[in-house]
Amino acid sequence: MTMALVEIVMGSRSDWPTMQKAAEILDELQVPYEAKVVSAHRTPDRLVSFAKGAADAGRKVIIAGAGGAAHLPGMIASMTHLPVVAVPVKSKALNGLDSLLSIVQMPKGVAVATQAIGEAGAANAGLMAAQILATSDDELAKRLIAWRTRQTEQVAVEVE
Ligand SMILES: Nc1c(C(=O)O)ncn1[C@@H]1O[C@H](COP(=O)(O)O)[C@@H](O)[C@H]1O
């Protein structure tokens, strides 16, 4: 069995349609991952055990998505040295601006790599996680370069 290198965590099952976009990119790049629901607010004990155990469990990067009062990515980052790539999920009430502002304004000393709001941000979170892993994995770096080349070719066809 291949060990998951990336953990995709989200505050609620309702975030999955967004966070699935990260999973799709990781699938395309053949990066093994797991996905689970963890909430700083609703399941605080589960959050602590996940965040404190993630490195020992073999994870190298954490992707964390949450909406509204989105404290999940920052709280995870406070309890692990692993890079946390964050996705502000688009909220119904405020279109994700609340999620973005909750996530992005981290205090100095605890870093979170915040992506754009919604599905594009989730896809880019998958790419960013792969790019981090590719710094020590030459085969993955080749797959990333090929992925980008295909994207460039696709755009070239579309604009012709
Ligand atoms: N922002 C957080 C956290 C957290 O940050 O710990 N836990 C759940 N949530 C968010 O609440 C929103 C609504 O959740 P429900 O759809 O379950 O009511 C979701 O976008 C989730 O990420």
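## The edge pair E4 and E5

Strand E4, which covers residues 84-89, is joined to E5 by two bridges, and the two strands run parallel. Within this pairing, Ala-86 has Thr-114 of E5 as its bridge partner. The model described here is a predicted one, and the account below moves from this pair to the sheet, the helices and the ligand.

## The sheet as a whole

The sheet is open and is formed by five strands, which follow one another in the order E2-E1-E3-E4-E5 with parallel pairing. Its edges are taken by E2 and by strand E5 (113-114), and because each of these has a single partner strand, one side of each is left without a neighbour in the sheet.

## From E1 to E2

At the E2 end of the strand order, strand E1 (residues 6-10) pairs with strand E2 (residues 33-37) in the parallel sense, and five bridges make up this pairing. On the way from E1 to E2 the chain passes through helix H1, residues 16-28, in a β-α-β crossover that is right-handed. Across the pair, Val-6 has Tyr-33 of E2 standing opposite.

## Helix H1 between the sheet and H5

Helix H1 lies across E1, E2, strand E3 (61-67) and E4, and its direction is at about 170° to that of E1.

H1 also meets helix H5, residues 119-134: the two axes come within 7 Å and cross at roughly 35°, and this crossing is right-handed. From H1, the contact is made by Thr-18, Met-19, Lys-21, Ala-22, Ile-25 and Leu-26, while H5 brings Glu-119, Ala-122, Ala-123, Ala-125, Gly-126, Leu-127, Ala-129 and Ala-130. Sorted by class, the residues in the contact of H1 with H5 are 10 nonpolar, two polar and two charged.

## Around the ligand

The ligand is surrounded by 17 residues, of which Gly-11, Ser-12, Ser-14, Ala-40 and Gly-67 are the closest. In terms of class, the shell around the ligand holds eight polar residues, seven nonpolar residues and two charged residues.

Terms used:
Residues are numbered from 1 along each chain as its sequence is written. This is a predicted model: local features need pLDDT of at least 70, side-chain atom pairs count only at pLDDT 80 or more; totals for chains, interfaces and linings use all residues. A residue is near a molecule or strand if its C-beta atom, placed from the backbone, lies within 6 Å of it. Ala, Val, Leu, Ile, Met, Phe, Trp, Tyr, Cys and Pro count as nonpolar, Asp, Glu, Lys and Arg as charged, and the others, Gly among them, as polar. Two strands pair if DSSP finds at least two bridges between them. Helices (H or I, at least four residues) and strands (E, at least two) are DSSP runs, numbered from the N terminus. A crossover is right-handed if, with the strands pointing away from the viewer, the path from the first strand over the helix to the second runs clockwise. Axes are lines fitted to C-alpha atoms, for helices over the stretch in contact, and angles run from 0 to 180 degrees between N-to-C directions. A crossing is left-handed if the near helix is turned anticlockwise from the far one by less than a right angle, and right-handed if clockwise. Two residues are in contact if their C-beta atoms, placed from the backbone, lie within 7 Å.
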